[in-house]
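Biologist: I should like to go through the terms used for this structure and see how each one is earned. Please show it first.

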Amino acid sequence: MKEFQRVQSQDLSLDNFDSISEFPECGGIGIFQGTVRNHHEGRAVTALKYTSYTPVAEKMIRQIEQDIIQKYGVAYVRVIHRIGTLGIGGTAIIAVAYAAHRREAFQACEEAVERVKHEVPIWKEEFYTDGSSQFVEGCCIRKDHDSIEHNHTHSAHHKHHQHSH
C-alpha cells in the first residue's frame, strides 16, 4: 500500500492512491474530487486558502478512513486534502473508496468527505473580488456562531463582525 501524507501543500493527484488492481475483490470505485468554485453565497470568489493543524489533521484523517472501512466493510478508503492558496478550479480534496459493490463505495466516499470537512482541523478562508476575505463554515466553524470577516484593503485595518442565524 502506498504511504502518503493526507494533508499536502502541493497539487493533489489521483496518483497518490493505490490502484483498484490491488483489490481484485472490489467492483466499485467511489471517487470525489472537490474543486474551488468562483462563488459562495452570492459573492464572487477569487481564491481560497486552506490552513491546518497538520499533525492532528493527519491523525484524524487516518482514523476516519479506518472508521469508515470498518463501518461499511469496504477494502480501501483514502482522503487527501490540500493546504495553501488555491485558485478557481484548484483541487481541494480527493476521496477514494474501493468496495465490492457501488452502494458501499458511494456511501464510504461520501461519509469520508463529510467527516473530514466537518471534524478535521482544516480551515477555509475565501477571498472575494472586493478585496475582503472570510473564514467559512467547515471544521469548528458553525453557522450558529459569529463569523469574522477581514477586510484586506490597505486603507482599512478594522474587522467587521457579522452575526448570521
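Modeller: Let us begin with exposure: a residue is buried under 20% relative accessible area, exposed over 50%, and partly exposed in between, with a 1.4 Å probe and protein chains only. This is a predicted model, in which local features need pLDDT of at least 70 and side-chain atom pairs count only at pLDDT 80 or more, while totals for chains, interfaces and linings use all residues. Residues are numbered from 1 along each chain as its sequence is written, and side-chain values use heavy atoms, with hydrogens and water left out.

Biologist: Why is Arg62 called partly exposed?

Modeller: The relative accessible area of Arg62 is 25%. Partly exposed covers values between the 20% and 50% limits, so Arg62 belongs to that class.

Biologist: What makes Glu3 exposed or buried? And which class holds Arg6?

Modeller: Glu3 has 61% relative accessibility and is therefore exposed. Arg6 has 3%, so Arg6 is buried. Across the protein, buried residues make up 44% of the 165 residues.

Biologist: What elements does the protein contain, and what makes a run of residues a helix or a strand?

Modeller: Helices (H or I, at least four residues) and strands (E, at least two) are DSSP runs, numbered from the N terminus. The protein has two helices and 11 strands. From the N terminus on, the order is β-β-β-β-α-β-β-β-α-β-β-β-β.

Biologist: How do you know that Glu3 and Arg62 form a salt bridge?

Modeller: A salt bridge needs a side-chain nitrogen of Lys or Arg within 4 Å of a carboxyl oxygen of Asp or Glu. The closest N and O atoms of Glu3 and Arg62 are 3.0 Å apart, which meets that limit. Glu3 lies in the segment before strand E1 (7-8) and Arg62 in helix H1, so the pair ties together parts 59 residues apart in sequence. Glu3 also meets Arg6 in a salt bridge, at 3.8 Å from N to O.

Biologist: Why can such side chains pair at all?

Modeller: Side chains of opposite charge can pair when their charged atoms come close.

Biologist: What makes Asp67 and Arg115 a salt bridge, and what does the pair tie together?

Modeller: Their side chains meet at 3.2 Å, N to O, so the 4 Å limit is satisfied. Asp67 lies in helix H1 and Arg115 in helix H2, and the pair therefore ties together parts that are 48 residues apart in sequence. Asp67 is partly exposed, at 26% relative accessibility. Through shared partners, salt bridges also join Glu3, Arg6, Glu58, Arg62 and Glu65 into one network. The structure holds nine salt bridges.

Biologist: What makes a set of residues a nonpolar core?

Modeller: The members are buried Ala, Val, Leu, Ile, Met, Phe, Trp, Tyr and Cys residues joined through side-chain atoms within 4.5 Å. The largest such core has 30 residues, of which Tyr50, Ile61, Val77, Val79, Val116, Val120 and Ile122 touch the most other members. At least two residues each come from strand E4 (43-52), helix H1 (54-72), strand E5 (76-82), strand E7 (91-99), helix H2 (102-119) and strand E8 (122-128). H2 gives the largest share, six residues. A second, separate core of 10 residues includes Phe4, Cys26, Tyr76 and Ile94.

Biologist: How many disulfides are counted?

Modeller: A disulfide is a pair of cysteine sulfur atoms within 2.5 Å, and by this rule the count is zero. Cys26 is buried, at 12% relative accessibility, and Cys109 is buried at 6%.

Biologist: Why is Thr91 described as buried or exposed, and what does its side chain meet?

Modeller: Thr91, found in strand E7, has 14% relative accessibility and so counts as buried. Its side chain makes a polar contact with the side chain of Gln33 at 2.9 Å. A polar contact is a pair of N or O atoms within 3.5 Å; within protein, one must be able to donate a hydrogen and the other to accept it, and residues adjacent in sequence count only if both atoms are side-chain atoms.

Biologist: How do you know that E8 and E9 pair?

Modeller: Two strands pair if DSSP finds at least two bridges between them. E8 and strand E9 (residues 132-135) have three, in the antiparallel sense, so they pair. Glu125 stands opposite Phe135 in E9. The two strands form a hairpin with three residues between them, and Gly131 in the turn has a positive phi of about 95 degrees.
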